[in-house]
Amino acid sequence: GLLFHMGYVLLALVLLNVIPEDLQNYLFTPAGVVVVGTIFPIIESIRAVCTFGTDDDTIWITYWLPPGPLSYPTEFVDSIPEAKPPVKEH
């Protein structure tokens with residue numbers, strides 16, 4: 001658990017210093033973050049479902065449940081300023 005997360009953070013920091021800036025700008029677009037942020041969890045979730053134990057299944061269900069309900073309202077709230085521009089002072 002904790003050791004894995006510490007290693008993940010360390011790897012991310014190292015990669016941020018090693019990856020060329022042009023590639024960083026490409027990866028950290030909203031679409032890039034979605035792709036990079038879902039590929040690993042999808043693979044690990046499939047791997048967890050294929051095992052006989054339920055502990056790893058519970059971990060990945062816990063991972064996926066909060067972002068699901070939060071992603072739809074976030075998309076809706078992001079579109080409000082586009083639909084209704086702010087009122088200017090007179």
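**Exercise 1. The nonpolar patch**

Which helices each supply at least two residues of the nonpolar patch? Work on the predicted model, list the members, and place Phe28.

*Solution.*
Step 1. List the patch. Its residues are Phe4, Tyr8, Val9, Leu13, Leu16, Phe28, Val33 and Phe40. Together they have about 800 Å² of accessible area.
Step 2. Assign them to helices. Helix H1 (2-18) and helix H3 (30-49) each supply at least two residues.
Step 3. Rank the contributions. H1 gives the most, with 5 residues.
Step 4. Place Phe28. This residue is found in the loop between helix H2 (21-27) and H3.
Step 5. Classify Phe28. Its relative accessibility is 51%. The cut-off for exposed is over 50%. Phe28 therefore counts as exposed.

**Exercise 2. Overall form**

Describe the fold and the dimensions of the protein, and compare its radius of gyration with that of a compact globule.

*Solution.*
Step 1. Count the elements. The protein has 5 helices and 0 strands.
Step 2. Read them in order. From the N terminus on, the elements run α-α-α-α-α.
Step 3. Take the radius of gyration. The protein has 18 Å, whereas a compact globule of 90 residues would have one near 12 Å.
Step 4. Add the spans. Along the principal axes, the C-alpha trace covers about 65 × 35 × 20 Å.
Step 5. Turn to burial. Of the 90 residues, 9% are buried.
Step 6. Finish with the surface. The protein exposes about 8,200 Å². Carbon and sulfur atoms supply 74% of that area.

**Exercise 3. The surroundings of Ser45**

Is Ser45 buried or exposed, and which residues is Ser45 in contact with, leaving aside neighbours within four places in sequence?

*Solution.*
Step 1. Locate the residue. Ser45 sits in helix H3.
Step 2. Check its accessibility. The relative accessible area is 13%. Buried means under 20%, so Ser45 is buried.
Step 3. List the contacts. Without the neighbours within four places in sequence, Ser45 touches Trp60 and Trp64.
Step 4. Look for a polar contact. One of 2.6 Å joins the side chains of Ser45 and Trp64.

**Exercise 4. The salt bridge**

Find how many salt bridges the structure holds, and describe the pair formed by Arg47.

*Solution.*
Step 1. Count. The structure holds 1 salt bridge.
Step 2. Name the partners. Arg47 pairs with Glu44. Their closest N and O atoms are 2.9 Å apart.
Step 3. Recall the principle. Side chains of opposite charge can pair when their charged atoms come close.
Step 4. Place the pair on the chain. Both Arg47 and Glu44 lie in helix H3. They are 3 residues apart, about one turn of the helix.
Step 5. Classify Glu44. At 19% relative accessibility, against a cut-off of under 20%, Glu44 counts as buried.

**Exercise 5. Gln24 in helix H2**

Which residues is Gln24 in contact with, leaving aside its neighbours within four places in sequence? State its burial class too.

*Solution.*
Step 1. Locate it. Gln24 lies in helix H2.
Step 2. Classify it. Gln24 has a relative accessible area of 18%, so this residue is buried.
Step 3. List its contacts. Beyond the neighbours within four places in sequence, they are Leu15, Leu16 and Ile19.
Step 4. Link back to the patch. Leu16, one of these contacts, also belongs to the nonpolar patch.

**Exercise 6. Sequence separation and distance in space**

Take three pairs: Val34 and Gly53, Leu10 and Leu70, Tyr63 and Pro41. Set the separation along the chain beside the C-alpha distance for each.

*Solution.*
Step 1. Start with Val34, in helix H3. Val34 counts as exposed, at 52% relative accessibility. Val34 and Gly53 are 19 residues apart in sequence, and their C-alpha atoms are 29 Å apart.
Step 2. Go on to Leu10, in helix H1. Leu10 is exposed, with a relative accessibility of 55%. Leu10 and Leu70 are 60 residues apart along the chain, with 28 Å between their C-alpha atoms.
Step 3. End with Tyr63, in helix H4 (residues 55-64). Its relative accessible area is 36%, so Tyr63 is partly exposed. Tyr63 and Pro41 are 22 residues apart along the chain, and 8.4 Å separates their C-alpha atoms.
Step 4. Check the contacts of Tyr63. Leaving aside neighbours within four places in sequence, Tyr63 is in contact with Gly37 and Pro41.

How values were computed: Residues are numbered from 1 along each chain as its sequence is written. This is a predicted model: local features need pLDDT of at least 70, side-chain atom pairs count only at pLDDT 80 or more; totals for chains, interfaces and linings use all residues. Side-chain values use heavy atoms; hydrogens and water are left out. Helices (H or I, at least four residues) and strands (E, at least two) are DSSP runs, numbered from the N terminus. The radius of gyration is taken over C-alpha atoms; the globule rule is 2.2 Å times the number of residues to the power 0.38. Buried means under 20% relative accessible area, exposed over 50%, partly exposed in between (1.4 Å probe, protein chains only). Accessible areas come from the Shrake-Rupley method with a 1.4 Å probe; for residues, only the protein chains shown count as cover. Patches are made of residues with over 30% relative accessible area and no salt bridge: like charges are joined within 9 Å, nonpolar side chains (Val, Leu, Ile, Met, Phe, Trp, Tyr) within 5 Å. A salt bridge is a side-chain nitrogen of Lys or Arg within 4 Å of a carboxyl oxygen of Asp or Glu. A polar contact is a pair of N or O atoms within 3.5 Å; within protein, one must be able to donate a hydrogen and the other to accept it, and residues adjacent in sequence count only if both atoms are side-chain atoms. Contact means heavy atoms within 4.5 Å.
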